[in-house]
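User: Could you take a close look at the side-chain contacts in this one? I'd like the charged pairs and the ring pairs walked through in one go.

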Amino acid sequence: MFAYCPDPATLEGLQWLSCYLTTGKHMGFYLAFGTVLLLLAITAPLALLFGFGGAIAARSHFPPLSWLGKGYIAIVRGVPDIAFFLFFVIALDQGIEWLRHKVKCPDWDQPIRQGSDFLVCDIAKMPLGTSPQWIHEVYGFSLAVVTFAIVFGAFAANVLYGAMNAVPRPQIETAEAYGMTRRQAFWRIQVPQMWTYALPGLSNLWMVLIKATPLLFLLGVEDIVYWARELGGSKTAKFTDYPHGDWRMWYFLALLVFYLAFTKVSEVVLARITTRLSHGQATLGGEAQRKAK
């Protein structure tokens, strides 16, 4: 329940703090935690999908497809994350607008690039200038999700590529000896068994993905880092009803606690998944379970 807040100038102590923490901007701060969790919920499976596709392509016996998969892994892993994030978002946004411009404004007679400016007709802009604010926010968030998925998909592809190769070859040969095709052996034998080898690398990748979520701030999305800096900076009575000094340390301390708690929960969940996947496997984890019985 929100605190009753009359004139802030008449408030003191805990009542002042309770009213301060329930302002409209603080509601945006609290919702930003949901934005981070939503990013992780969408990006993780999408990155895993990119990674699985990249790993299969890299293992392909068709050279052009294999080069494509290995090139995707090498290029994305070889570029600093921040540089790729900033480049790809701009390139993707301008690429979409350029395609829309060619379709919707074929009679345009001015150059699209004018110095450092990228100019397209108004109806080709994404999103349109007349669109409501939530569409702008969803569009920016979608670009961020795609960028995150492509970047972390390359790392996931490298992990899955190694995990597929770690499955003992005799398992595949036995499946083929029983009459399975190469495709059947891959989906029924190799893929189910590879996860126990892939999970340690994917677990580390999940932790890195959690720590990378503040990059949303660089992509123009109002995430928890944006709000922590915005709300924690010094505020004077001239610009706000709740003046205060530099409180950024306390806001970023709250973010520290949030990330530590979230990574701890992730460690517990991943440990349980590892135990489940190791059951009956010829790995150190599976051998430890067998001896424990």
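Analyst: Let's fix one cut-off before anything else: a residue is partly exposed when its relative accessible area falls between the buried limit, under 20%, and the exposed limit, over 50%. Arg169 has a relative accessibility of 46%, so Arg169 counts as partly exposed. Keep in mind that this is a predicted model.

Arg169 is a good place to start with the charged pairs. Glu173 makes a salt bridge with Arg169, and the closest N and O atoms are 3.7 Å apart. Both residues sit in helix 6 (residues 169-177), 4 residues apart, which is about one turn of the helix. Glu173 comes out at 43% relative accessible area, so Glu173 is partly exposed too. Arg169 also meets Glu176 in a salt bridge, at 3.9 Å from N to O. With 31% relative accessibility, Glu176 is again partly exposed. The shared partner ties Arg169, Glu173 and Glu176 into one network.

Across the whole structure the search turns up 4 salt bridges. One of them pairs Lys25 with Glu230, the closest N and O atoms being 3.8 Å apart. This pair links distant parts of the chain: Lys25 is in helix 2 and Glu230 in helix 8 (residues 224-232), 205 residues apart. Lys25 is partly exposed at 44% relative accessibility, and Glu230 is partly exposed at 28%.

Now the rings. The count comes to 12 aromatic pairs. Among them, Phe29 and Tyr251 have ring centres 5.8 Å apart and planes at 70 degrees; angles over 60 count as edge-to-face, so that's what this pair is. Here, too, distant parts of the chain are linked, with Phe29 in helix 2 (residues 24-58) and Tyr251 in helix 9 (residues 248-278), 222 residues apart. Phe29 and Tyr251 are both buried. They also belong to one aromatic cluster, together with Tyr30, Phe33, Trp206, Phe258, Tyr259 and Phe262.

For another geometry, look at Phe152 and Phe155. Their ring centres are 6.4 Å apart and their planes are at 45 degrees, so the pair is tilted. Phe152 and Phe155 are 3 residues apart in helix 5 (residues 133-166), separated by about one helical turn. Phe152 is buried, at 2% relative accessible area, whereas Phe155 counts as partly exposed at 25%.

Terms used. Residues are numbered from 1 along each chain as its sequence is written. This is a predicted model: local features need pLDDT of at least 70, side-chain atom pairs count only at pLDDT 80 or more; totals for chains, interfaces and linings use all residues. Side-chain values use heavy atoms; hydrogens and water are left out. Rings of Phe, Tyr and Trp (its six-membered ring) pair if their centres lie within 6.5 Å; planes under 30 degrees apart count as stacked, over 60 as edge-to-face and the rest as tilted. Helices (H or I, at least four residues) and strands (E, at least two) are DSSP runs, numbered from the N terminus. Buried means under 20% relative accessible area, exposed over 50%, partly exposed in between (1.4 Å probe, protein chains only). A salt bridge is a side-chain nitrogen of Lys or Arg within 4 Å of a carboxyl oxygen of Asp or Glu.
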